[in-house]
Amino acid sequence: MFARPILAAAFAAAFAFTVPAGAQPMVIKFSHVVAEHTPKGQGALKFKELAEKKLPGKVEVQVFPNSQLFGDAKEMEALLLGDVQFIAPSLSKFDRYTKKIQLFDLPFLFDDIEAVDRFQLSAKGQELLGSIKNRGLLGLAYWHNGMKQLSTNRDKLERPEDVKGLKFRIQASDVLVAQFRALGANPQKMAFSEVYQALQTGVVDGQENTWSNMYSQKFYEVQKTIAETNHGVVDYMVVTNAKWWDGLPPDVRKGLSEAMAEATAYANKLANELNAGDRKRIADAGKARIQKLTKDDIAAWRKAMEPVWKQFEGEIGRDLIDAALKSNK
Ligand code: LMR
């Protein structure tokens, strides 16, 4: 008889301490452009799970994949306006905010995703996370996807001359414009959500992306050849609105930071595995042919794309390029 009201009162007091009576959890929106079964898609879901576990009743994280809420064209603006609190654009999409992050687009800069990881964890790499604060954006973490491959609607895709005159969809990056121009091809900036249709209808002949993006978006169904070039990287920066982040109650900011660190470790560990699995699924589907390249072929692609480095060295900074090169073992 006695024990119950006391217990109930104690419980109510404890509960009131963590969440004021009647308080609604803070709704936090995380928007991205890829499918759920991708490194970024899985990272966002893990972040939601961890954040809600660490801050019970205080936050509700809503994840919107596949450009459902905002696509490439709108997501940065939406973040600055406070319509969304987290996005994770590919590093190629920061062109309008800083030229420094364009470093990651230099063709054949990194040998593999492990080198990318080493650079991102270095002092120079970490510095870049804060480099857009003057634009109201704060980078919280890097998330991996993987190395880029090249695909076209042609049977032959071995050498740079095989893409001469072809139209390629690219992300909104001037370095990528220069990369395809160096190959004698015609680049066209386009939002990710429009790529499948553009490939299907022949608006463009080809594109560059990771295995996980090509599989989840079904690009392999509307391309004839995918060449294993590994010529660049698709990685992400998870960004938030700097003012919103700085204004959060300290305990919420701490919980979200921890959730972000753990989700980052989880997603980055998963990235290689997901890409390897999707490469196999594309090979097994038997639709697009996977073209393996010899060392000699790779050297030819590298040489053809080389002029891009000189073109952007001034804007990016030689110090950053050297730091990135040091990450290759
Ligand atoms: C693309 O636009 O091709 C990709 O970078 C999309 C993404 O976020 O992986």
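Contact here means heavy atoms within 4.5 Å. The model is predicted: local features need pLDDT of at least 70, side-chain atom pairs count only at pLDDT 80 or more, and totals for chains, interfaces and linings use all residues. Residues are numbered from 1 along each chain as its sequence is written, and side-chain values use heavy atoms, with hydrogens and water left out.

**Exercise 1. Core packing**

Task: state which residues L256 touches, and place L256 in its core.

Solution.
1. Not counting residues up to four places away in sequence, L256 is in contact with I28, F47, A51, L55, F86, W244, W245 and L248.
2. A nonpolar core is a set of buried Ala, Val, Leu, Ile, Met, Phe, Trp, Tyr and Cys residues joined through side-chain atoms within 4.5 Å; buried means under 20% relative accessible area, exposed over 50%, partly exposed in between (1.4 Å probe, protein chains only).
3. The largest nonpolar core has 43 residues, and L256 is one of those that touch the most other members, with F30, F47, F86, W143 and V238.
4. Helix α10 (residues 250-285) gives this core its largest share, six residues. Helices (H or I, at least four residues) and strands (E, at least two) are DSSP runs, numbered from the N terminus.
5. Another core, of 38 residues, lies apart from it and includes Y97, L109, L137 and V175.

**Exercise 2. Sheet order**

Task: give the strand order of the open six-stranded sheet and name its edge strands.

Solution.
1. Two strands pair if DSSP finds at least two bridges between them.
2. The order is β7-β6-β8-β5-β9-β11, and the pairing is mixed.
3. β7 (186-189) and β11 (289-291) each pair on one side only, as edge strands.
4. Inside the sheet, β5 (residues 149-152) and β9 (residues 225-227) are antiparallel, with three bridges. S151 has I226 in β9 as its bridge partner.

**Exercise 3. Positive phi**

Task: for K218 and N230, find the phi, the location and the exposure.

Solution.
1. Most residues other than glycine have a negative phi.
2. K218, not a glycine, has a positive phi of about 65 degrees. K218 sits in the loop between α8 (211-216) and β9, and is partly exposed at 42% relative accessibility.
3. N230 is not a glycine either, and has a positive phi of about 50 degrees. N230 belongs to the loop between β9 and β10 (233-241), and its relative accessible area of 31% makes it partly exposed.

**Exercise 4. Overall burial**

Task: what share of the residues counts as buried?

Solution. Of the 329 residues, 53% are buried.
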